[in-house]
Amino acid sequence: MAIANWFVDAAKADGVRDLTPPKLHGLVYAAHGWLLGAAGKPMIVSPVKADRDGVFVPELRDAGCWGSRTVNEHVAQIKMDEARGVMSEHKPELAPDDPTVPALQWVWKTYGKLTAFQIAQHVREFGSPWDLIWNDEDRADDEAKLIPNTTIKLWFRDLSKMRQEQGRNAKLTDVQKQELKPKLEKTQRMLAKPDPDRLRQA
């Protein structure tokens, strides 16, 4: 939730007015995936699930982050204040010097100006974690399905490797390499065909 609230602040700072719940879920998922793929570390502890529309983080949805209205305020948790014996609202935030902030800045720069539809297209690409889980021919029903972190990690690791290879082939400077953005449409053309069994396993 602190990650989501960081993106809410970033949208306000940059005047981005289309931060809908689906887009916010997509941004949190992208941040989680890129850190998993590049460093092998999860950005969030909550699970990520797939449904017909794309991916979502249940914790955010449970906190009221759903629907189509623009998210203008921090997502809040309702917790019991043991000292006072009443329920109170808590809005998790990251400290400015939190080590995840540079990664979030990169994700925002890469995805922040995209529409929710564009992010959803990227999330639902052929061979993506969502595609492998939701379009699994053995899926029994239309209930939301867990996307294993291993599946997310392998997909984003492939994207990370592709991005690094692009930088080497183009003989870019270090600064240019840092600014290189992943292509958000049809990345499957640039990746080796994923092994569905490898990616589906937790």
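This is a short tour of the structure above, to be followed selection by selection in a viewer.

Begin with the whole chain in cartoon view, bearing in mind that the model is a predicted one. The chain contains nine helices and five strands, and if you trace it along the sequence the elements follow the pattern α-α-β-β-α-β-β-α-α-α-β-α-α-α. If you then colour by accessibility, 44% of the 202 residues count as buried.

**The open sheet**

Select residues 49-51, which make up strand 1, and add strand 2 at 54-56 together with strand 5 at 145-146. These three strands form an open sheet in the order 2-1-5, with antiparallel pairing. Strand 2 and strand 5 are the edge strands, since each of them pairs on one side only. In general, the strands of a sheet pair through backbone hydrogen bonds, in either a parallel or an antiparallel sense. Between strand 1 and strand 2 the antiparallel pairing runs over three bridges, and to look at one of the bridged pairs, show Ala 50 and its partner in strand 2, Val 55.

**The largest pocket**

Keep Val 55 in view and add Pro 22, Asp 53, Gly 54 and Arg 61, because these five are the residues that lie nearest the centre of the largest pocket among the 17 that line it. The volume of this pocket is about 290 Å³. Which elements give two or more residues to its lining? They are helix 2 (21-39), strand 2 and helix 5 (116-123), so that selecting these three elements together displays the contributors of that kind.

**The hairpin**

Move next to strand 3, residues 77-81, and to strand 4, residues 86-90. The two strands pair in the antiparallel sense over five bridges, and they form a hairpin with four residues between them. Select Gln 77 and you will find it opposite His 90 in strand 4; then select Gly 85 in the turn, where phi is positive at about 70°.

**A nonpolar patch on the surface**

Finish by switching to a surface view and selecting Ile 78, Met 80 and Met 87, which form a nonpolar patch on the surface with about 310 Å² of accessible area together. Ile 78 has its place in strand 3. Is Ile 78 buried or exposed? Its relative accessibility is 55%, and because the cut-off for exposed is over 50%, Ile 78 counts as exposed.

Key:
Residues numbered from 1 in each chain as written. Predicted model: local features only at pLDDT ≥ 70, side-chain atom pairs only at ≥ 80, totals over all residues. Heavy atoms only, no water. Pairing = 2+ DSSP bridges. Patch = residues over 30% accessible without salt bridge, like charges linked within 9 Å, V, L, I, M, F, W, Y side chains within 5 Å. Areas by Shrake-Rupley, 256 points an atom, 1.4 Å probe, with all protein chains shown as cover. Salt bridge = Lys/Arg side-chain N within 4 Å of Asp/Glu carboxyl O. Buried < 20%, exposed > 50% of the residue type's maximum accessible area, 1.4 Å probe, protein only. 1 Å grid on protein atoms, 1.4 Å probe; cavity = no way out; pocket = protein on both sides within 12 Å on 5 of 7 lines; lining within 4 Å. Points joined across faces, edges and corners; volume = space filled by probe spheres on them.
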